[in-house]
Amino acid sequence: MSLGISSAHSVVEPSDRTRFIAGALVALYALITIVPLVWIVLTGFKTPPDSISYPPKILFTPSAEGYCNLFTTRSRQTPEYIAALPPPTDTCDKVARNANMVVAGPSNYVPRFINSLIIAFGSTVLSVGFGVMAAYAFSRFKVPFKDDLLFFILSTRMMPPIAVAIPIYLMYRELGLSDTRLGMILLYSAVNVSLAVWLLKGFIDEIPREYEEAAMVDGYTRLQAFRKVVLPQATTGIVATAIFCLIFAWNEYAFAVLLTSGTAQTAPPFIPIIIGEGGQDWPAVAAGTTLFLIPILVFTILLRKHLLRGITFGAVRK
Amino acid sequence: MSAPRAFVARAAQATPPGVAVRMRGLSDRAIAWLFVGPTMLLLLAINIFPLIWTLKLSFTNFRANRPNANVLDVGIDNYVSVLTDPDIWLAMQATAHFLFWTIFLQMLIGFALAYLIDRKFRGHGFWTTMILIPMMLSPAVVGNFWAFLYQPQTGLFNYAVSFLTGIPPSSFEMIGSVRLAPWAIVIVDTWMWTPYVMLICLAGLRSIPDYIYEAAEVDRASKWRQFLSITLPMVLPFIMLAVLFRGIENFKMFDMVNLLTSGGPGSTTELASITLKREAFEKWRTGYSSAFAIILFVAVFGLANIYVKALNHVKNR
């Protein structure tokens, strides 16, 4: 650029001072944002009295009580009974004895966590599988009413979950699917397939058609070309889509709380109802929350590049 | 590349698309149906069929907890009673308050953050990732742990506010007070979803080519003028998209608020979905709640459609 504008640095490049101020403000916001999360992680290592002390304790002696209370159920015993017992064998026994209790058995957290895993992974496989097929068809073929069908698929996301929960509840009761993992997998797949179709269509649109056409000239059928040329090319997109579906199914609460009560219940409805003696057992809740959040934190970092696409159904690309 | 493969590649380029397609295996038409079929079946079974069933139930006095009672066809009675029920209008008011303030705050803070991050300071990638974490969490879990942060007296939020302002922490209860509870849910939603808006705005800002600013600089337009005449209009379609997505999501908001306040105190934070859940799964007024569900769905669908038209208008300007 000439015209009297210094070519040393472009006019759109911010000055060092601007950058420093911008950086400081953003870092400040990020730190404030992260405080509630750090607080929850810390609370998981507090004792119940420490967790509700005033002023809030930043420095405290870490305790395993939260995690023990999360994983076990306990029963209160008389001091004489406890004194007569053999010495405690593990940490949670020790923690329980200190409070005049004995460990009665495992809690429901692990089964609920496993339900979350099975339902999230199961529905992800199903919705991404269906999604990739539909997305390929929408991307490559003349499907009748293509735009209407695509819009219809998107619009299923506008429905408040509770609006369809009543008939699904009735339908599942008839079919014997209520409170089963299969029922929840089918339900979450139906909710996620819209996202999968829209995202994957975007990814497949970006793969040149010429690849398949060349493969078909080489003697592949359409289906072989899809399997051996398109699918490998779309791997990144499929993985990103799968993680978005996983996160959604992992986080879902409304259907889970309305349609499951026991065997198929996932972790989100379970964590808030962990009750100790005298109200909610906050360290145990915090411990459950922390463990529940770890996969999400890992996925967030993995997904950074695709995040924008995923949350806008591919409507915006970076 | 070997000679035969090179020949095939050349042949592939020379062959018009579609010729090879129909040669072997299933026809494209068959594959299209086969591939779209499973998705459509799943959606028909778990979305459309229940929706039609909801519609049917909305004209009856059916109660899901008494399946053997006589089911009467009550015509549009349910719709009339929903639309004349003052509780429903209170819920709509609470929803409107929630929608307006969450969208307003999220757009404001989200855009500001995106504008700052676009300065590309050192470490902007790291801080951006940190900011993005809240929106990836489970809304239910978020609602639950904010209930902990909002604990009167002992909660971290109350402590922080009293530390900064000097107001004694026992003098205000975020989720227990009629005046503050609607703001408690706005704060949590804003905390959680501002990153979402920020990300979309950032994509908008990055889509503006540098030469436009350079041209404006040549014309000696002030920075403020450039912001008003270039930045804002170019990012507007992105902001509108963010409003659309946040609007739809918050209109049907259930999980976070259910865990945080479950509609209370009184019905100050009873959003539409929470009322719907209460009517359907606590009072078991299935017909009545089905009518309300249909009204809500038509409202979201209708508003979203009108809005998308406006969005396209802005995009094509």
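## A buried helix in chain B

In this predicted model, helix α6 of chain B is made of residues that are out of reach of solvent: Pro139(B), Ala140(B), Val141(B), Val142(B), Gly143(B), Asn144(B), Phe145(B), Trp146(B), Ala147(B), Phe148(B) and Leu149(B) are buried. That is 11 of the 11 residues in the helix, which spans residues 139–149, so α6(B) is largely enclosed by the rest of the structure.

Leu137(B) is a good place to look next, in the loop between α5 (124–132) and α6 of chain B. Its relative accessibility is 2%, so Leu137(B) counts as buried. Setting aside neighbours within four places in sequence, Leu137(B) touches residues of both chains: Leu37(A), Asn251(A), Leu293(A) and Ile296(A) from chain A, and Val142(B), Phe145(B), Trp191(B) and Met192(B) from chain B. One of these partners, Met192(B), is 55 residues away in sequence, yet the C-alpha atoms of Leu137(B) and Met192(B) are 8.3 Å apart.

## Where the two chains meet

How much area do chain B and chain A bury between them? The figure is about 9,600 Å², with 81% of it on carbon and sulfur atoms. Phe35(B), Met136(B) and Phe148(B) together supply 8% of the area that chain B buries against chain A, more than any other three residues. The contact draws on 107 residues from chain B and 110 residues from chain A.

Turning to polar features, the interface holds 11 residue pairs in polar contact, with both residues at pLDDT 80 or more. Helix α2 of chain B (residues 28–57) gives the largest share of the side of chain B that touches chain A, at 22 residues. By residue type, that side of chain B divides into 76 nonpolar, 19 polar and 12 charged. The interface also has 1 salt bridge: Asp28(B) pairs with Arg222(A), with the closest N and O atoms 3.1 Å apart.

## Nonpolar cores

The largest nonpolar core has 166 residues, and Phe255(A), Phe145(B) and Trp146(B) touch the most other members. Helix α8 of chain B (residues 181–206) provides the largest share of this core, 16 residues.

Take a closer look at Trp146(B). Beyond its neighbours within four places in sequence, Trp146(B) is in contact with Pro36(A) across the chains and with Phe157(B), Ile187(B), Val188(B), Trp191(B) and Leu260(B). There is also a second, separate core of 32 residues, with Leu150(A), Ala196(A), Ile207(A) and Ile31(B) among its members.

## Salt bridges

Over all chains, the count comes to 15 salt bridges. In chain A, Asp205(A) and Lys201(A) form one of them, at 3.1 Å from N to O. Both residues lie in helix α9 (residues 181–205) of chain A, 4 residues apart, about one turn of the helix. An α-helix has 3.6 residues a turn, so residues three or four places apart point the same way. Asp205(A) counts as partly exposed, because its relative accessibility is 40%.

Chain B has examples too. Glu282(B) and Lys277(B) meet at 3.2 Å, N to O; Glu282(B) is partly exposed at 43%, whereas Lys277(B) is buried at 15%. Glu279(B) and Lys283(B) also pair at 3.2 Å, N to O. Is Glu279(B) buried or partly exposed? At 6% relative accessibility, Glu279(B) counts as buried, while Lys283(B), at 38%, is partly exposed. Finally, salt bridges that share partners link Arg140(A), Glu212(A), Arg222(A) and Asp28(B) into one network.

Conventions: Residues are numbered from 1 along each chain as its sequence is written. Chains are lettered from A and ligands numbered from 1 in the order in which they are written. This is a predicted model: local features need pLDDT of at least 70, side-chain atom pairs count only at pLDDT 80 or more; totals for chains, interfaces and linings use all residues. Side-chain values use heavy atoms; hydrogens and water are left out. Buried means under 20% relative accessible area, exposed over 50%, partly exposed in between (1.4 Å probe, protein chains only). Helices (H or I, at least four residues) and strands (E, at least two) are DSSP runs, numbered from the N terminus. Contact means heavy atoms within 4.5 Å. Buried area is the accessible area (1.4 Å probe) that two parts lose on being put together, summed over both. A salt bridge is a side-chain nitrogen of Lys or Arg within 4 Å of a carboxyl oxygen of Asp or Glu. A polar contact is a pair of N or O atoms within 3.5 Å; within protein, one must be able to donate a hydrogen and the other to accept it, and residues adjacent in sequence count only if both atoms are side-chain atoms. Ala, Val, Leu, Ile, Met, Phe, Trp, Tyr, Cys and Pro count as nonpolar, Asp, Glu, Lys and Arg as charged, and the others, Gly among them, as polar. A nonpolar core is a set of buried Ala, Val, Leu, Ile, Met, Phe, Trp, Tyr and Cys residues joined through side-chain atoms within 4.5 Å.
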